Amino acid sequence: MKKFVFIILSICSFSSCTSEPENPFEGDVSNYPVLQKVLENKEQYQVQILFTQIDRNEHGTPMFTNYSFNLDDDRYFYPASTVKLPIALLALEWLEENNVDNLEKETIFLIDSVRPSQIPAYVDNSSKDSLPSIAHYIKKYFWFLITMPIIGSMNF
């Protein structure tokens with residue numbers, strides 16, 4: 001019996017030592033000055049963040065960790081997908097209306113960076129020629145919209 005109690009107490013003490021993962025939006029974000037400014041002024045910018053981190057264990061099984069920042073059920077916020085669709089349509093409309101020589105939806109579209117917090121995009125290995133373009137980014141976006149409900153309904 002004493003051995004059983006010792007084992008139970010040991011398990012309880014070890015399990016209490018594990019800590020919850022730190023919310024990335026409540027930790028030190030000083031390396032990302034734009035994000036830091038927005039998070040520090042959450043009411044001014046009406047920031048609400050719902051973020052899911054996806055990691056895989058040693059067997060390749062996805063493990064989901066949800067984080068939230070400043071969520072408020074009484075205030076609606078627009079998910080990123082509702083913003084991206086009009087931007088994609090406006091980009092295509094702008095290309096058609098302005099008719100700039102040698103600029104079309106398939107034109108190579110390289111993204112550079114001016115701050116360490118930005119990530120340049122000179123290559124897109126998911127495109128046929130490994131080069132990014134407006135059309136390819138839009139295709140990737142729509143593929144994502146179509147497959148996410150399917151992936152979400154799968155039982156991992």
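The side chains of Lys 140 and Asp 124 meet in a salt bridge, with 3.1 Å from N to O. Lys 140 belongs to helix α5 and Asp 124 to the loop between α4 and α5, so this pair ties together parts that are 16 residues apart in sequence. Please keep in mind that this is a predicted model. The points below start with the charged pairs, then move to the aromatic rings, the hairpin, the nonpolar core and a few serines.

**Salt bridges**

- The count for this structure comes to 2 salt bridges.
- In the bridge between Lys 140 and Asp 124, the two partners differ in their surroundings: Lys 140 is partly exposed, at 34% relative accessibility, whereas Asp 124 is buried, with a relative accessible area of 6%.
- Asp 124 counts as buried because its 6% falls under the 20% limit for that word.
- Arg 75 also takes part in a salt bridge; its partner is Asp 72, and the closest N and O atoms are 3.5 Å apart.
- Both ends of that bridge are partly exposed, Arg 75 with a relative accessible area of 25% and Asp 72 at 28% relative accessibility.
- As general background, side chains of opposite charge can pair when their charged atoms come close.

**Aromatic rings**

- A search of the whole structure turns up 3 aromatic pairs.
- One of them joins Phe 25 and Phe 51 edge-to-face, at 5.8 Å centre to centre and with 90° between the planes.
- This pair links distant parts of the chain: Phe 25 sits in the loop between α1 (2-17) and α2 (33-40), while Phe 51 is in strand β1, 26 residues apart.
- Phe 25 is buried, with a relative accessible area of 15%, but Phe 51 is partly exposed at 33% relative accessibility.
- Phe 51 also pairs with Tyr 67, and here the rings are stacked: 6.1 Å centre to centre, with 25° between the planes.
- Phe 51 is in strand β1 and Tyr 67 in strand β2, so the stacked pair ties together parts that are 16 residues apart in sequence.
- Tyr 67 is buried, with a relative accessible area of 8%.
- Taken together, ring pairs link Phe 25, Phe 51 and Tyr 67 into a cluster.

**The β1–β2 hairpin**

- Strand β1 (residues 49-56) and strand β2 (residues 62-69) run antiparallel and are joined by 8 bridges.
- Among the residues matched across the two strands, Asp 55 has Met 63 in β2 as its bridge partner.
- The two strands form a hairpin with 5 residues between them.
- Gly 60 lies in the turn and has a positive phi of about 85°.
- A general point helps when viewing the strands: in a regular strand the side chains alternate between the two faces of the sheet.

**The nonpolar core**

- The largest nonpolar core has 7 residues in all: Phe 25, Val 29, Leu 39, Val 47, Ile 49, Tyr 67 and Phe 69.
- Two of these names, Phe 25 and Tyr 67, also appear in the ring cluster with Phe 51.
- Val 29, another core member, touches Pro 24, Leu 35, Gln 36 and Leu 39 when residues up to four places away in sequence are not counted.

**Serines in the loop between α4 and α5**

- Where does Ser 133 lie? Its place is in the loop between α4 (80-98) and α5 (134-153).
- Ser 133 is buried, with a relative accessible area of 4%.
- Leaving aside neighbours within four places in sequence, Ser 133 is in contact with Lys 105, Glu 106, Thr 107 and Phe 109.
- Ser 127 lies in the loop between α4 and α5 and is buried, at 8% relative accessibility.
- A polar atom of the Ser 127 side chain lies 3.0 Å from the backbone nitrogen of Ser 130.
- Ser 117 is found in the loop between α4 and α5, and is partly exposed, with a relative accessible area of 26%.
- Not counting residues up to four places away in sequence, Ser 117 touches Asn 31 and Tyr 32.
- The C-alpha atoms of Ser 117 and Leu 35 are separated by 9.2 Å, with the two residues 82 apart along the chain.

Terms used:
Residues are numbered from 1 along each chain as its sequence is written. This is a predicted model: local features need pLDDT of at least 70, side-chain atom pairs count only at pLDDT 80 or more; totals for chains, interfaces and linings use all residues. Side-chain values use heavy atoms; hydrogens and water are left out. Helices (H or I, at least four residues) and strands (E, at least two) are DSSP runs, numbered from the N terminus. Buried means under 20% relative accessible area, exposed over 50%, partly exposed in between (1.4 Å probe, protein chains only). Contact means heavy atoms within 4.5 Å. A polar contact is a pair of N or O atoms within 3.5 Å; within protein, one must be able to donate a hydrogen and the other to accept it, and residues adjacent in sequence count only if both atoms are side-chain atoms. Two strands pair if DSSP finds at least two bridges between them. A nonpolar core is a set of buried Ala, Val, Leu, Ile, Met, Phe, Trp, Tyr and Cys residues joined through side-chain atoms within 4.5 Å. Rings of Phe, Tyr and Trp (its six-membered ring) pair if their centres lie within 6.5 Å; planes under 30 degrees apart count as stacked, over 60 as edge-to-face and the rest as tilted. A salt bridge is a side-chain nitrogen of Lys or Arg within 4 Å of a carboxyl oxygen of Asp or Glu.
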